[in-house]
Amino acid sequence: LRCLGDFVCRRCYRLKELSPGELIGWFRSVDRSLLLQGWQDQGFITPANLVFVYLLCREALQGDQIGSQAELQAAFLTCLYLAYSYMGNEISYPLKPFLVEGDKERFWDRCLAIIQGLSAKMLQINSDPHFFTQVFQDLKNEGE
């Protein structure tokens with residue numbers, strides 16, 4: 001989690017007030033909310049799921065295109081929604097824990113853009129152990 005937070009803070013360097021702990025808090029808040037609401041029996045935050053989230057964030061979060069912490073949170077939670085939907089144990093998840101903006105259309109547009117751009121890599125990370133290992137190592141290197 002710390003490596004993911006460090007990565008996003010470096011990627012979104014223009015957001016001077018952002019700390020890795022805030023990003024981790026957003027992730028833990030969603031996970032806790034879904035657990036408390038009964039949408040999942042166990043926490044989502046595992047090493048394999050973190051690698052998947054990192055893959056999405058690495059490709060989808062462009063620091064030069066994110067001008068505020070609110071924009072970053074919306075983009076990050078979109079990545080989380082896709083990760084939960086793809087890797088999670090449930091068939092579907094409620095949108096509410098992942099939505100921090102009033103415009104659902106922007107959320108769905110981001111989802112579709114990420115899916116269109118990363119579908120092949122999303123499949124590859126689950127079918128190619130070498131690719132998974134490389135992305136996992138990349139994530140670990142973000143903490144150094």
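## Helix packing in a predicted all-residue model

For a chain of 144 residues, a compact globule would have a radius of gyration near 15 Å; the protein has 14 Å, which agrees with that expectation. The model is a predicted one. Along the principal axes, the C-alpha atoms occupy a box of roughly 40 × 35 × 30 Å.

### Overall architecture

The protein contains 6 helices and 0 strands, and its elements follow the order α-α-α-α-α-α along the sequence. Of its 144 residues, 43% count as buried. Among contacts with a sequence separation of 6 or more, 70% are between residues 24 or more positions apart. The exposed surface of the protein amounts to about 7,700 Å², of which carbon and sulfur atoms supply 52%.

### Two contacts of helix 6

Two packed helices are described by the angle between their axes and the distance between the axes. The table gives both quantities for two helix pairs that involve helix 6.

| Helix pair | Axis distance | Crossing angle |
|---|---|---|
| Helix 1 (residues 2–11) and helix 6 (residues 129–142) | within 7 Å | roughly 75° |
| Helix 3 (residues 47–60) and helix 6 | within 9 Å | roughly 80° |

How are helix 1 and helix 6 oriented to each other, roughly parallel or roughly perpendicular? Their axes cross at roughly 75°, and angles of 65 to 115 degrees count as roughly perpendicular, so helix 1 and helix 6 are roughly perpendicular to each other. On the side of helix 1, the contact is made by Cys3, Leu4, Asp6, Phe7 and Arg10, and on the side of helix 6 by Leu139, Lys140 and Glu142. By class, these residues divide into 4 nonpolar, no polar and 4 charged.

For helix 3 and helix 6, the crossing angle is roughly 80°, and these two helices are therefore roughly perpendicular to each other. Helix 3 contributes Ala48, Leu50, Val51, Tyr54, Leu55 and Arg58, while helix 6 contributes Phe131, Phe132, Val135, Phe136, Asp138, Leu139 and Glu142. This contact of helix 3 with helix 6 comprises 10 nonpolar, no polar and 3 charged residues. Leu139 and Glu142 of helix 6 appear in the contact with helix 1 and also in the contact with helix 3.

### Gly5 and Asp6 in helix 1

Gly5 lies in helix 1. Its relative accessible area is 0%, and it is therefore buried, the limit for that class being under 20%. Leaving aside residues up to four places away in sequence, Gly5 touches Pro20 and Leu23. Gly5 and Gly143 are separated by 138 residues in sequence, yet their C-alpha atoms are 8.7 Å apart in space.

Asp6 is also found in helix 1. Is Asp6 buried or exposed? With a relative accessible area of 17%, Asp6 is buried. Beyond residues up to four places away in sequence, Asp6 touches Pro20, Glu142 and Gly143. Pro20 is thus a contact of Gly5 and of Asp6, and Glu142 belongs to the helix 6 side of the contact with helix 1.

### Asp128 before helix 6

Asp128 is placed in the loop between helix 5 (104–127) and helix 6. At 25% relative accessibility, Asp128 counts as partly exposed, because this class covers values between the buried limit of 20% and the exposed limit of 50%. Asp128 and Leu1 are 127 residues apart in sequence and 23 Å apart in space, C-alpha to C-alpha.

Methods: Residues are numbered from 1 along each chain as its sequence is written. This is a predicted model: local features need pLDDT of at least 70, side-chain atom pairs count only at pLDDT 80 or more; totals for chains, interfaces and linings use all residues. Side-chain values use heavy atoms; hydrogens and water are left out. Axes are lines fitted to C-alpha atoms, for helices over the stretch in contact, and angles run from 0 to 180 degrees between N-to-C directions. Helices (H or I, at least four residues) and strands (E, at least two) are DSSP runs, numbered from the N terminus. Angles under 35 degrees count as roughly parallel, over 145 as roughly antiparallel, 65 to 115 as roughly perpendicular and the rest as oblique. Contact means heavy atoms within 4.5 Å. Ala, Val, Leu, Ile, Met, Phe, Trp, Tyr, Cys and Pro count as nonpolar, Asp, Glu, Lys and Arg as charged, and the others, Gly among them, as polar. Buried means under 20% relative accessible area, exposed over 50%, partly exposed in between (1.4 Å probe, protein chains only). The radius of gyration is taken over C-alpha atoms; the globule rule is 2.2 Å times the number of residues to the power 0.38. Accessible areas come from the Shrake-Rupley method with a 1.4 Å probe; for residues, only the protein chains shown count as cover.
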